[in-house]
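Visitor: Could you walk me through this model and tell me what stands behind each label you use?

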Amino acid sequence: MSLHEDIYTTLTTLGEAGDEQLMRLLCRSAEEQLRLRLRSGIDEDDCRDAFVMAAAFMAMGMYQQAASNGDVSAFSAGDFSVTMLPGNGSRWHDMARQLMAPYTGDGFAFVGVRG
């Protein structure tokens with residue numbers, strides 16, 4: 001299965017799926033954003049499982065932010081369940097960042113401070 005299909009399949013298991021075309025576009029966007037954040041010398045195959053899950057989390061966050069209307073939403077996958085207010089898509093993005101932290105340049109670092 002292609003990377004994109006893996007991301008889309010994972011996204012649909014996270015919860016309520018919207019329009020398939022929109023969800024696929026969000027998956028592609030998340031995939032590209034993550035690919036651009038990978039450290040030099042690392043590609044998506046080096047961290048495929050984390051990459052797929054993180055991209056699905058990011059896509060869900062984007063979908064949730066786009067669909068935000070002030071109601072409470074519930075997402076579930078098997079025994080896993082998440083209930084949150086729409087507009088809090090940043091929580092999905094935070095989980096994605098945590099998954100990808102070992103493979104990206106994201107993080108805090110001192111570059112230099114003039115005193």
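Guide: Happily; here is a short round of questions and answers on helices, burial, salt bridges and packing.

Visitor: How do you know what kind of model this is, and what do the values rest on?

Guide: The model is predicted, so local features need pLDDT of at least 70 and side-chain atom pairs count only at pLDDT 80 or more, while totals for chains, interfaces and linings use all residues. Residues are numbered from 1 along each chain as its sequence is written, and side-chain values use heavy atoms, with hydrogens and water left out.

Visitor: What makes up the secondary structure of the protein?

Guide: There are 4 helices and 2 strands, and from the N terminus the order is α-α-α-β-β-α. The elements are DSSP runs, numbered from the N terminus: helices are H or I with at least four residues, strands are E with at least two.

Visitor: Why is Asp-6 called buried, and what is Arg-48 called?

Guide: Buried means under 20% relative accessible area, exposed means over 50%, and partly exposed lies in between (1.4 Å probe, protein chains only). Asp-6 has 18% relative accessibility, so Asp-6 counts as buried. Arg-48 has a relative accessible area of 24%, so Arg-48 is partly exposed. For the protein as a whole, 38% of the 115 residues count as buried.

Visitor: What makes the pair of Asp-6 and Arg-48 a salt bridge?

Guide: A salt bridge needs a side-chain nitrogen of Lys or Arg within 4 Å of a carboxyl oxygen of Asp or Glu. For Asp-6 and Arg-48 the N to O distance is 2.6 Å, and their side chains meet in a salt bridge. Asp-6 belongs to helix H1 (residues 3-14) and Arg-48 to helix H3 (residues 48-66), so the pair ties together parts that are 42 residues apart in sequence. As background, side chains of opposite charge can pair when their charged atoms come close.

Visitor: How many salt bridges does the structure hold, and what separates Glu-31 and Arg-35 in sequence?

Guide: The structure holds 8 salt bridges. In one of them, the closest N and O atoms of Glu-31 and Arg-35 are 2.7 Å apart. The two residues sit 4 residues apart in helix H2 (residues 20-37), about one helical turn. Glu-31, at 10% relative accessibility, counts as buried, whereas Arg-35, at 29%, counts as partly exposed.

Visitor: How do you know that Arg-97 and Asp-94 are about one turn of the helix apart?

Guide: Both lie in helix H4 (residues 90-100), 3 residues apart, which is about one turn. Shared partners in salt bridges also join Glu-31, Glu-32, Arg-35 and Glu-44 into one network. Back at Arg-97 and Asp-94, the N to O distance in their salt bridge is 2.4 Å. Arg-97 is partly exposed at 37% relative accessibility, and Asp-94 is partly exposed at 36%.

Visitor: Why are H2 and H3 called oblique to each other?

Guide: H2 and H3 pack at an angle of about 125 degrees, with their axes 8 Å apart. Axes are lines fitted to C-alpha atoms, for helices over the stretch in contact, and angles run from 0 to 180 degrees between N-to-C directions. Under 35 degrees counts as roughly parallel, over 145 as roughly antiparallel, 65 to 115 as roughly perpendicular, and the rest as oblique. H2 and H3 are therefore oblique. Their contact has 13 nonpolar, 2 polar and 3 charged residues. Here Ala, Val, Leu, Ile, Met, Phe, Trp, Tyr, Cys and Pro count as nonpolar, Asp, Glu, Lys and Arg as charged, and the others, Gly among them, as polar.

Visitor: What makes H1 oblique to H3?

Guide: H1 and H3 pack at about 55 degrees, with their axes 8 Å apart. That angle makes H1 oblique to H3. By class, their contact has 12 nonpolar, 1 polar and 2 charged residues.

Visitor: Which residues does Leu-26 touch, and is Leu-26 buried or exposed?

Guide: Leu-26, found in helix H2, touches Ala-59, Met-62 and Tyr-63, not counting residues up to four places away in sequence. Contact means heavy atoms within 4.5 Å. Leu-26 has 12% relative accessibility and counts as buried.
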